[in-house]
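Biologist: I am new to this structure and would like a close look at a single part, the surface where protein and DNA come together. Please take me through it slowly and explain each term as it comes up.

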There are 2 protein chains.
Amino acid sequence: MATIDDVAKAAGVSTSTVSYVLSGKRPISAPTRARVERAIDKLGYRPHAGARALASSRTNVIALMAPLRVGVSVPVIMQFVAGVVTRARDFDHDVLLLTQDDVSGLDRVTGGSMVDALVMMDIEADDPRVPLVAAAKQPTVLIGLPQDPEGLSCVDLDFEAAGRLAVRHLAGAGHTDVALIGSPPEVLQRHTSYAERLMRGLRSQAKLSGVTVEVEACDSSPSGAASAVDTLLATAPDTTGIIVHNEGALPHVLSRLAERGIVVGTDMSVVAVCPTDVALSQRIPMTSIDLPAEGIGKVAVDMVMARLEGEHPSETRLLAPVLTERASSVSGPSDPLD
Amino acid sequence: MATIDDVAKAAGVSTSTVSYVLSGKRPISAPTRARVERAIDKLGYRPHAGARALASSRTNVIALMAPLRVGVSVPVIMQFVAGVVTRARDFDHDVLLLTQDDVSGLDRVTGGSMVDALVMMDIEADDPRVPLVAAAKQPTVLIGLPQDPEGLSCVDLDFEAAGRLAVRHLAGAGHTDVALIGSPPEVLQRHTSYAERLMRGLRSQAKLSGVTVEVEACDSSPSGAASAVDTLLATAPDTTGIIVHNEGALPHVLSRLAERGIVVGTDMSVVAVCPTDVALSQRIPMTSIDLPAEGIGKVAVDMVMARLEGEHPSETRLLAPVLTERASSVSGPSDPLD
DNA sequence: GTGAAAGCGCTAACAA
DNA sequence: TTGTTAGCGCTTTCAC
């Protein structure tokens, strides 16, 4: 491998000039720049990442701590990941992938200066990783919202507002008995931030709108979804509006309703909280509140990069939910979206 | 951040002693080791990854080039990824995630010495990435099988044998007209290695077993699956055995068959090629040839690490397919698995 | 607009 | 069993 000195020699300039041509941190005359660039091409020179990191304290790598966990929808995770990786490249950064079960990895990558910044997904209310990264020297953005962010930046869909919006939509359509078919029990037991926030919004709006709301946890399997539906209709037989916040279970919930002869969009209004592509690939187009997973991933990178550059203070960004009506819900007289 | 010199000073030893305590590359007396370790703990010392990489030409990072592509099943990809990440940690390595659309990334990470080795997924017959990594100094393992591996190691399920096995199973059960519902058109157009190999095995065994085999590409959407089923039954109405090699489409294929009043396991035998958990989460337990995605990911890491350590020559490992009979296929008189 | 040179924090000869 | 020290390849002051 050619080194920067080889390039300097070949171009007849000093090492620092080559370095500055590469970084653009000081003006270089056109002819010099041309000679250096020619030499770089000719030698196929690539700066050594480790050397660069050592000298500059910058790695051009960000860590992404992503869950590979039971109960979360893998395709949705991947949308977040895709957003993060893509946007990171826009900032000339690569992505080091950490998995949830590897909490010691946080120490390793931060303490060892392997990365310039971190993005963490699947945040729990009382997440043990938060104090760890809060103490690190690298800026971190959480996708999700812990009880106490300890000064870290956060970004997520405003699930509380989404819960309210969903109930408002159903109540506006005349439903008085609504229900949530929510995350798997494991997710709830972990006090995963989004699940709890959605429920909070749901309940507060239900009170305001004067509707009842029944909550069912729901495994993502066909049988789990079936039994959630069955239990729900046994416990609260008057339910006419369902909010489904479980991408994996959604198709099975719809199947079970169909099996029971319940026509979605007529007998039962269903609102899904999920990425739009998921909402559209069901047996009938779903009224849904979009979970813009890829977009959130991108915003997370934007935020972390902003903190890396200037002295941006940390902030929390909750994206406003957008509900799109489709075939799965009936629009009532006083629908607030009209 | 404390440096190795700080530790040495605190422990009253030389830098190299600390280094050797860390690496274990030379014997250290118990008391010395204890003093060094105490100092490390007290100072919260973490070796600087960049400095280490510069001095040792080892990064303890491997690159994983994973597809985020249309037509491939995201959950299955993630199983590969999980296998790679998990096993990499066993070798004290982290994983840098590259996406397919980022071919220049190969140059960047290899030329810049950002990684010790690479694992590449979703290999096409004539994959442009292969010559690139073949020229790199880092060892690479391909998950999949290009036309010409150019000296690189490969690992995958033996899809050709899987094709043969599936046909043998169906022919043995007395079926004379079988069909493949395969990958999406995009995957075929890319000449993705696994799709082509499965078809090759299918066709050769069909000839041997004296059965006909119809092939349908199949989009993973509900409507794509429905039309694949419809087209198939229009073109080859005598079909009584179907092999499905498309995780995303599988549930929709089964739904369509059900809609048409065709009872899987009785009127129609269906063999799936997919991970076992996918086979088991269908409406009926599927006879399947397991795609051990996570296992393949692990083997890929084992292979790449072997090449990194000793002077292991490169090799190709094709894992023998295993067919497990479940409810979706009838077992015939001369079934070779009896 | 350009160059010289002092580190960045480690590893691994080489020496003792 | 331990210490000394020369780099690894870059960035960035300082000097011109």
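Modeller: **The surface around the DNA**

A polar side-chain atom of Thr17(A) lies 2.6 Å from a phosphate oxygen of DNA strand C, which is a polar contact (a pair of N or O atoms within 3.5 Å; within protein, one must be able to donate a hydrogen and the other to accept it, and residues adjacent in sequence count only if both atoms are side-chain atoms). Before going further, please note that this is a predicted model, in which local features need pLDDT of at least 70 and side-chain atom pairs count only at pLDDT 80 or more, while totals for chains, interfaces and linings use all residues. Residues are numbered from 1 along each chain as its sequence is written, chains are lettered from A and ligands numbered from 1 in the order in which they are written, and side-chain values use heavy atoms, with hydrogens and water left out.

Chain B also reaches the backbone of DNA strand C, since a polar side-chain atom of Tyr45(B) is 2.9 Å from one of its phosphate oxygens. A base of DNA strand C is approached as well, with a base nitrogen 3.4 Å from a polar backbone atom of Ala51(B). The elements that give two or more residues to the surface near this strand are helix H2 (15-23) and helix H4 (49-56) of chain A, together with helix H2 (15-23) and H4 of chain B; helices (H or I, at least four residues) and strands (E, at least two) are DSSP runs, numbered from the N terminus. The largest share, 4 residues, comes from H4(B).

In total 27 residues surround DNA strand C, and Thr17(A), Arg26(A), Pro27(A), Thr32(A) and Ile4(B) come nearest, where a residue is near a strand if one of its heavy atoms lies within 4 Å of it. Of the atoms of DNA strand C within 4 Å of the protein, 57% belong to sugar or phosphate and the rest to bases. The residues of this surface divide into 11 nonpolar, 11 polar and 5 charged, with Ala, Val, Leu, Ile, Met, Phe, Trp, Tyr, Cys and Pro counted as nonpolar, Asp, Glu, Lys and Arg as charged, and the others, Gly among them, as polar.

Turning to DNA strand D, we find 28 residues around it, of which Ile4(A), Tyr20(A), Thr17(B), Arg26(B) and Thr32(B) come nearest. The side chain of Thr17(B) has an N or O atom 2.6 Å from a phosphate oxygen of DNA strand D, and a polar side-chain atom of Tyr45(A) lies 2.7 Å from a phosphate oxygen of that strand. Arg26(B), by contrast, places a polar side-chain atom 2.7 Å from a base oxygen of DNA strand D. Among the atoms of DNA strand D within 4 Å of the protein, sugar or phosphate accounts for 55% and bases for the rest.

H2 and H4 of chain A, together with H2 and H4 of chain B, each supply at least two residues of the surface near DNA strand D, and H4(A) gives the most, with 5 residues. By class, this surface has 12 nonpolar, 11 polar and 5 charged residues.

To draw the two strands together, the surface near DNA strand C takes its largest share from H4(B), whereas H4(A) gives the most to the surface near DNA strand D.
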